[in-house]
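Please go through this structure with me, question by question. I would like the reasoning as well as the value.

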Amino acid sequence: MVLRVTALSKSYGDVAAVDRISFHVRRNEIVGLLGPNGAGKTTTINMILGVLEPSGGSIEIQGLNLARRRRQALARTNFAAVYSPLPGNLTVYQNLRVFGLIYGISDAARRIEALLEEFDLQRFRNVRCGVLSSGEQTRASLAKAMLNNPDLLLLDEPTASLDPSTAREVRRKIRAVATHGKGGALWTSHNMYEVEDVCHRVLFLSRGRILLEGDPKTLPREHGKENLEELFITVAREPLSLEER
Ligand code: ATP
């Protein structure tokens, strides 16, 4: 199991942002974490990244408990998120070099060249990240996320700022990384077409709880909806109508 989350909670005062959720990501599986604004997706991801302390529950990455074996667990993880851009005053190459040092990548120079090539960043290698277009920045962030060959990729809306053709290419790359070797991914997106295309399984989060779980291709019909978008809208507007089923 790449990721196992058990009874994970996070409260802010009286507000339960994440309320005893349990789920897993299997090897070579891409799991979509869906839910309306404020459902608790980013809070969940930040706890798995070790940047936010849970109020309760546990997280295991490749069998390593995050609270007890933090360094080993996080060495197997990486992430990309639009709200966490690379430092803008460093060039693409300098950023990859610095993160390569932080992650302790052996043979970093060769790894960086391969990633510049793979994410079509060669011509931006000496350009400061702050002046790149949002799509170019996303590609640089994804290259950074692949530096340590992570087993667990956490992706918070990785294609949000990409044009359709680049988004398709990026999905293909992420799929290739996440569905080979020991890897797996947890993916958040508000693009239901993309989720259906990429994710093997989805979890619908609403008010900090997992309301539904299943195959994005069959789940809508199981709940009498035409497609994932309609199901999403129902989850967002009338979560109780689904809980009663
Ligand atoms: P979005 O799709 O809008 O990014 P999300 O599902 O990622 O939403 P979170 O950012 O995880 O949602 O927020 C979950 C809930 O926790 C929200 O109601 C938010 O207001 C609340 N929350 C998050 N961080 C804090 C904080 N530091 N203090 C108080 N409340 C917080």
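The questions below concern a predicted model and take up the ligand, the aromatic rings and a few single residues.

Q: Which helix gives the largest share of the shell around the ligand?
A: The ligand is surrounded by Y12, A17, P36, N37, G38, A39, G40, K41, T42, T43 and H190. Three residues of this shell come from one helix, which spans residues 41-48. That largest share belongs to helix α1.

Q: How many residues of the shell around the ligand are charged?
A: The shell includes K41, and Lys is counted as charged. The residues divide into four nonpolar and six polar ones, with the remaining class being the charged one. The number of charged residues is one.

Q: How far from an oxygen atom of the ligand is the N or O atom in the side chain of T42?
A: A polar contact needs a pair of N or O atoms within 3.5 Å. The side chain of T42 offers an N or O atom to an oxygen atom of the ligand. The distance between these atoms is 2.7 Å.

Q: What share of the accessible area of the ligand does the protein cover?
A: Backbone atoms also approach the ligand: a backbone N or O atom of G38 lies 2.7 Å from a ligand oxygen, and a polar backbone atom of G40 is 2.9 Å from a ligand oxygen. On its own, the ligand has 640 Å² of accessible area. The protein covers 57% of that.

Q: Which residue has a polar side-chain atom 2.7 Å from the backbone oxygen of G40?
A: G40 is one of the residues around the ligand, and its backbone oxygen lies 2.7 Å from a polar atom of a side chain. The residue that carries this side chain is found in helix α1. It is T44.

Q: Why does T44 count as buried?
A: T44 is found in helix α1. Buried means under 20% relative accessible area. T44 counts as buried because its relative accessibility is 0%.

Q: What kind of aromatic pair do F99 and Y103 form?
A: A pair of aromatic rings is described by the distance of the centres and the angle of the planes. A search of the whole structure finds two aromatic pairs. For F99 and Y103, the centres are 5.9 Å apart and the planes are at 40 degrees. Planes under 30 degrees apart would count as stacked and over 60 as edge-to-face, so this pair is tilted.

Q: How many residues apart are F99 and Y103 in their helix?
A: Both residues lie in helix α3, which covers residues 92-103. Their spacing is about one turn of the helix. F99 and Y103 are four residues apart.

Q: Is F99 buried or exposed?
A: The cut-off for buried is under 20% relative accessible area. Y103 has 28% and is therefore partly exposed. F99 has 19% relative accessibility, so F99 counts as buried.

Q: Which residue lies over the face of F99?
A: A Lys counts as over a ring if its NZ is within 6 Å of the ring centre and within 35 degrees of the ring normal. For F119, K173 lies over the face at 5.5 Å from the ring centre. For F99, the distance from the ring centre is 5.5 Å, and the residue is K144.

Q: What is the phi of N28?
A: Most residues other than glycine have a negative phi. N28 lies in the loop between β2 and β3, and its relative accessible area of 28% makes it partly exposed. Its phi is positive, near 65 degrees.

Q: What is the phi of D120?
A: D120 is found in the loop between α4 and α5. Its relative accessible area is 43%, so it is partly exposed. D120 is a residue other than glycine with a positive phi, near 55 degrees.

Q: How far apart in space are R128 and Y93, C-alpha to C-alpha?
A: R128 lies in the loop between α4 and α5 and counts as partly exposed at 45% relative accessibility. R128 and Y93 are 35 residues apart in sequence. In space, C-alpha to C-alpha, they are 8.8 Å apart.

Technical notes: Residues numbered from 1 in each chain as written. Predicted model: local features only at pLDDT ≥ 70, side-chain atom pairs only at ≥ 80, totals over all residues. Heavy atoms only, no water. Near = heavy atom within 4 Å. Polar contact = N/O pair within 3.5 Å; in protein donor to acceptor, adjacent residues only side chain to side chain. Areas by Shrake-Rupley, 256 points an atom, 1.4 Å probe, with all protein chains shown as cover. Helix = DSSP H or I, 4+ residues; strand = E, 2+ residues; numbered from the N terminus. Phe/Tyr/Trp six-rings, centres within 6.5 Å; stacked < 30°, edge-to-face > 60°. Buried < 20%, exposed > 50% of the residue type's maximum accessible area, 1.4 Å probe, protein only.
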